[in-house]
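Q: I'm new to this structure and would like a close look at a single part of it. Could you pick one loop, walk me through it, and then show me what lies around the rest of the chain?

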Amino acid sequence: MNNDIVIIGAGPVGLFTVFEAGLLGLNCTLIDNLDKPGGQCSELYPDKPIFDIPGVPYQTAQEHVDALLKQIEPFSYDLILNERVDELSDNNGSWTVATNAGKRISTKNVFIAAGAGAFEPIKPNLKSDYSRFEGKQIFYSIKNKEVFKDKKVVIFGGGDSALDWTLELQKIGAQVTLVHRRDAFRGAPESEMKVREHAARDSIKLLTPYILQDIHGDTEIEKTILDTLRSLRPAGVLLAPLGRASDKRHIEEFCRDVPTILFDSNIEGMGEAFIGSDNFSFVSQTVEYLSRTGSTPTFFEMSDPANPNANKRRNAYLAMMKQLELEPHMVQIEGSGWEFEEIGRAGALKILKQDALPTDTILCSNDRLAIGLLSACYELGIRVGREKDSELRVASHDDHPYSKFTCPSLTTAAHDYESVASQSVDTLFKLIEAGGRFNNREEKLFAARLIMRDSA
Ligand SMILES: Cc1cc2nc3c(=O)[nH]c(=O)nc-3n(C[C@H](O)[C@H](O)[C@H](O)COP(=O)(O)OP(=O)(O)OC[C@H]3O[C@@H](n4cnc5c(N)ncnc54)[C@H](O)[C@@H]3O)c2cc1C
């Protein structure tokens, strides 16, 4: 092959070089190791808008590449894709360009428009093997932003790409959290300013300085664990599923293949039996105690809870208030995920600052929310406790290991873990002896125990 110019790299610079060369009547061969022209624009951010092209107020990166391709249509050029240039040698006044596919091209001129190089993502070095999430939940580039519409997205990084995508995905309705290891960004100052404005208005969440330590995908990990378990062909399995986050179809298939007893978190109809705590008995005891000893309790919970027991506890509160002929009061705070302490603290600060509590007794759905709430009370100088000069009583559920160390120590309701554990094991042995199936699915729920401490 012989031609005037070989251009290594078919990114925007390589494409425009074809145009400039064409104006001079020179013909080119473009070589790129990607499967399409466009370089970073097509490979990494085809959907992202570009605002800094002279004379073009708005263009997505792919539209920019398409325009460059249109611009060079009148000129003749060869495009070699999926081949990497590996060698460049001086050959008595001309150059020989060799590719990894064995092609050799002689030319008088070589333009190296390799940009960021034959790029591959720089992946975080983490403990877990997260490769199974790649392309499904973990992405190193965005080819189609619609995939992220209305989704919860966490972006890690501090350059233009991280800032631009934070703004762009927020715009299409994604709930974006931007995480960076420093509280300073390398990207355009204007984009950084916009991101900070959004963060101040709570329309995005900005976490700095935070470092990505590891990646866990609960649902995927649960599926992998179940598949591994199944391959061991066990006689029976005691399974505490994630609950609401579980892939129900996968659990159902597993229970069909392996004799299974569910415990701790129930999924209706699955497994041969469920052994757990009786959520009604938690809430009935706390509500009864609080309303007997002071003002009626206001139920404090997340509007979109992640944990499986939350909805049962809400219903139990409403049922119990009805039974006692008391008016129910609910405070539902915003927040999603499992950072309950922080969600409880932020939600409580908002409510307490607005003086929006209907009664001066709060019953939290779980202890971790209560721990956050107690910290908000401390920040605002609100005295919590059951003494006469206290302004607020706070109680909760679960008897979290830290609940006795809060200030004041937390009044709560404890699980009877011992009974749940021994009953689960007994039932599993019964199931194995019965040949792996019960005629009817059993459910055994253990009552909670009220633990009275200083907060209410
Ligand atoms: C997320 C993101 C957002 C950005 N946003 C903007 C923006 O808004 N505005 C802006 O001005 N810039 C932006 N940029 C930067 C811009 O994309 C780059 O400056 C531009 O792509 C550089 O063009 P290029 O042609 O020099 O190189 P590249 O686009 O990097 O293309 C180089 C090409 O060379 C190929 N190549 C490399 N080595 C070889 C080899 N040995 N053999 C064969 N092929 C090879 C590569 O496969 C690649 O296709 C952004 C970049 C990123 C990552």
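A: Let's start with Arg-233, which sits in the loop between helix 6 and strand 12 (237–239). Keep in mind that this is a predicted model. What is the phi of Arg-233? It is near 50 degrees, a positive value in a residue other than glycine. Is Arg-233 buried or exposed? Arg-233 has 8 C-beta neighbours inside 10 Å, so it counts as exposed.

Now hold that loop up against another one. Asp-398 is not a glycine, yet it has a positive phi of about 120 degrees. You'll find Asp-398 in the loop between strand 18 and strand 19. Here the surroundings are crowded enough to reach the buried class: Asp-398 counts as buried because it has 25 C-beta neighbours inside 10 Å, and the cut-off for that class is 20 or more.

Stay in that loop for a moment, since Pro-408 also lies between strand 18 and strand 19. The bond joining Cys-407 and Pro-408 is a cis peptide bond, with omega about -10 degrees. There's another cis bond to look at, from Thr-208 to Pro-209, where omega is near -15 degrees. Pro-209 belongs to the loop between strand 11 (205–207) and helix 6 (218–231). That brings us back to helix 6, which also borders the loop of Arg-233.

One more proline is worth a stop. Pro-54 is placed in the loop between strand 3 (49–50) and strand 4 (59–60). With 4 C-beta neighbours inside 10 Å, Pro-54 counts as exposed. Going from Pro-54 to Val-195 takes you 141 residues along the sequence, and their C-alpha atoms are 24 Å apart in space.

Next, the helices. Helix 8 (residues 279–293) has 15 residues, which at 1.5 Å a residue should span 21 Å; its end C-alpha atoms are 22 Å apart, so the two values agree. Which residues of helix 8 are buried? They are Asn-279, Phe-282, Val-283, Ser-284, Thr-286, Val-287 and Leu-290. Among the elements covering them are strand 14 (273–277), helix 9 (310–323) and strand 17 (361–364). Strand 18 (393–395) and strand 19 (412–414), the strands on either side of the Asp-398 loop, are also part of that cover, as is strand 21 (449–451).

Helix 9 holds Asn-311. This residue is partly exposed, because 14 other C-beta atoms lie within 10 Å. Asn-311 and Gly-276 are 35 residues apart along the chain, with 16 Å between their C-alpha atoms.

Finally, look at a pair of helices side by side. The axes of helix 10 (residues 340–353) and helix 11 (residues 367–379) come within 7 Å and cross at roughly 45 degrees. That angle is why helix 10 is oblique to helix 11. The crossing is right-handed. On the helix 10 side, the residues making the contact include Phe-340, Ile-343, Gly-344 and Leu-352; on the helix 11 side, they include Arg-368, Ile-371, Ser-375 and Glu-379. How many residues of each class does this contact have? There are 10 nonpolar, three polar and five charged residues in the contact of helix 10 with helix 11.

Conventions: Residues are numbered from 1 along each chain as its sequence is written. This is a predicted model: local features need pLDDT of at least 70, side-chain atom pairs count only at pLDDT 80 or more; totals for chains, interfaces and linings use all residues. Axes are lines fitted to C-alpha atoms, for helices over the stretch in contact, and angles run from 0 to 180 degrees between N-to-C directions. Helices (H or I, at least four residues) and strands (E, at least two) are DSSP runs, numbered from the N terminus. Angles under 35 degrees count as roughly parallel, over 145 as roughly antiparallel, 65 to 115 as roughly perpendicular and the rest as oblique. A crossing is left-handed if the near helix is turned anticlockwise from the far one by less than a right angle, and right-handed if clockwise. Two residues are in contact if their C-beta atoms, placed from the backbone, lie within 7 Å. Ala, Val, Leu, Ile, Met, Phe, Trp, Tyr, Cys and Pro count as nonpolar, Asp, Glu, Lys and Arg as charged, and the others, Gly among them, as polar. The expected span of a helix is 1.5 Å times one less than its number of residues. A residue is buried if 20 or more other C-beta atoms lie within 10 Å of its own, exposed if 12 or fewer, and partly exposed in between; C-beta atoms are placed from the backbone.
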